[in-house]
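Me: I'd like a close look at a single part of this model, and then a walk outward from there. Which part would you pick, and what does it touch?

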Amino acid sequence: MDDIRLDSLEGVGPVTARKLSDAGVHNLMDLIVRGPVEISDITGMEKDSTERLVNKARQFLADGGVLAKDFVSAADIYKRRQEIGKISTGTECLDTLFDGGVETQALTEVYGEFGCGKTQFCHTLCVMVQKSQEEGGLEGGVLYIDSENTFRPERIVSIAKANGMDPQRVLDNIVVARAYNSSHQVLILEEAGAIIRESNIKLLVADSAVGLFRSEYLGRGTLSERQQRLNHFVHLLARIAETYNCAAVATNQVMSSPDVFFGDPTKPIGGNVVAHTSTYRIYFKKSGKKRIARMVDSPHHPEEEVIFGIGEAGVIDPEDPKAKKIKKKAGAAPPANDTEDAADAGATDAGN
Ligand SMILES: Nc1ncnc2c1ncn2[C@@H]1O[C@H](COP(=O)(O)OP(=O)(O)OP(=O)(O)O)[C@@H](O)[C@H]1O
Ligand SMILES: [Mg+2]
């Protein structure tokens, strides 16, 4: 449906449309993604009117079949879930872990220590998403929010070549937004609606989702503010993924915390905010030259581990086919504890 202009909504005249547009809300999807509280904050409109507006927009889009209705039968949910696309990781091992690939309508968090392959994984997906559905892609583009200046077009070129694709065309379908600080990173996402539609974006990458928040909000004093803003960013990511039926992938670095004696001494930097919003959480770990990926938190995947590697083609299958899959041992402690209090993540940061 093309007709999602603000003025297609009854009661929205040119003045309101202008006010919203000036605040970066350009269409009905934007209204829903941002929500009444935020719209009231940024436009100065009364909360009551913004609530009415957002409800009307939701109704309008639900009637048009663009959005799921508020009250739906399980059969309808099932049908909407049938529309979920999957992006192959380009490897057999990780595809097994993801049960086919990285899903749309969901936020996938990849966390692990430096050099474990988070960025390489994102680069591989940037190429894979562009393939046809038969080949494991979604024929879609990418919006890559680069917060640590780690996006490398050269890597895209080599991964594209390894997949027999035209590197120039692959590069053309990736929009890179370099985020200079955490507010800018949030702003990029708030303004992303138009580009997601225009460029048929099917993959949204936030690499690293948490790094800038972490470096800007140091110490315990600012922790709650940081968690609040990070929470806003991560929820926005999840809502965009659902609204636009695209896959959102956020990376998150973990650091060793020497005060942990049992289990794996690492924690995701984002603390529990990221953990509770992500639909899927994958933990990457270095093991010599190999990498181990573990599905930590998923509504319907079993918790298991696979071994993968990194090479010219991005993330790759291990050379020894026997070593592909390790079933998780019963009773082993998960690496990152979601019940961890946010203050714990902050305490780790403060000492960093
Ligand atoms: N062309 C390549 N061939 C083989 N390995 C490569 C290639 N390019 C990068 N790597 C490996 O990828 C690893 C870096 O992975 P990556 O940058 O994805 O880590 P990361 O998890 O994003 O780390 P950080 O938290 O610091 O951002 C390095 O070990 C590097 O050797
Ligand atoms: Mg990285």
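Reply: Let's settle one term before anything else: a residue is buried if 20 or more other C-beta atoms lie within 10 Å of its own, exposed if 12 or fewer, and partly exposed in between, with C-beta atoms placed from the backbone. This is a predicted model, so to speak of local features takes pLDDT of at least 70 and side-chain atom pairs count only at 80 or more, while totals for chains, interfaces and linings use all residues. Residues are numbered from 1 along each chain as written, with chains lettered from A and ligands numbered from 1 in written order.

My pick is strand E4, residues 141-146 (strands, E, of at least two residues and helices, H or I, of at least four are DSSP runs, numbered from the N terminus). Six of the six residues in E4 are buried. Take the two faces of the strand in turn: Gly141, Leu143 and Ile145 point one way, and Val142, Tyr144 and Asp146 point the other. Both sets are buried, and Asp146 is in that list along with residues such as Leu143 and Val142.

Now the partners. Strands pair if DSSP finds at least two bridges between them. E4 pairs with E6, residues 201-207, in the parallel sense over six bridges, and one of the matches puts Ile145 across from Ala206. E4 also pairs with E5, residues 174-178, again in the parallel sense, this time over five bridges. There, the bridge partner of Asp146 is Arg178.

Follow E6 in both directions and you run into some unusual backbone. Leading into E6, the loop from helix H11 (192-198) holds Asn200, which has a positive phi of about 45° although it is not a glycine. Asn200 counts as partly exposed because it has 13 C-beta neighbours inside 10 Å. At the other end, a cis peptide bond joins Asp207 and Ser208, with omega about -10°. Ser208 lies in the loop that runs from E6 to helix H12 (211-216). For context, most residues other than glycine have a negative phi, and most peptide bonds are trans. Asp99 is another case of positive phi outside glycine, near 55°; it lies in the loop between helix H6 (92-97) and strand E2 (102-103). With 14 C-beta neighbours inside 10 Å, Asp99 counts as partly exposed.

On the sequence side just before E4, helix H7 is worth a stop. Val127 sits in H7, and its C-alpha is 9.7 Å from that of Gly140, 13 residues along the sequence. Why is Val127 called buried? It has 29 C-beta neighbours inside 10 Å. Contact here means C-beta atoms, placed from the backbone, within 7 Å. Leaving aside neighbours within four places in sequence, the contacts of Val127 include Ile156, Ile159, Ala160, Met165 and Gly314.

H7 also brings us to ligand 1. The largest share of the shell around ligand 1, three residues, comes from H7, and strand E11 (305-311) joins H7 in supplying at least two residues each. A residue is near a molecule if its C-beta atom, placed from the backbone, lies within 6 Å of it. There are 13 residues around ligand 1, and Phe114, Lys118, Thr119, Gln120 and Ile310 come nearest.

From E11 you can step into another set of paired strands. Four bridges join E11 to E10 in the antiparallel sense, with Ile307 as the bridge partner of Ile292. E10 (residues 290-297) in turn pairs with E9 (residues 280-287), antiparallel, over seven bridges, among them one between Arg281 and Asp297. The hairpin of E9 and E10 has two residues between the strands, and Gly288 there takes a positive phi near 65°.

Zooming out, the protein has 15 helices and 13 strands. Of its 352 residues, 43% count as buried. Among contacts with a separation of 6 or more, 68% link residues 24 or more positions apart.

Finally, confidence, as pLDDT, the predictor's score for each residue from 0 to 100. The protein averages 84, and 83% of the residues score at least 70. Residues 329-352 fall below 50, though this stretch has 48 contacts in the model beyond near neighbours in sequence. Where pLDDT is low, the predicted coordinates should not be read in detail.

Methods: Contact = placed C-beta atoms within 7 Å.
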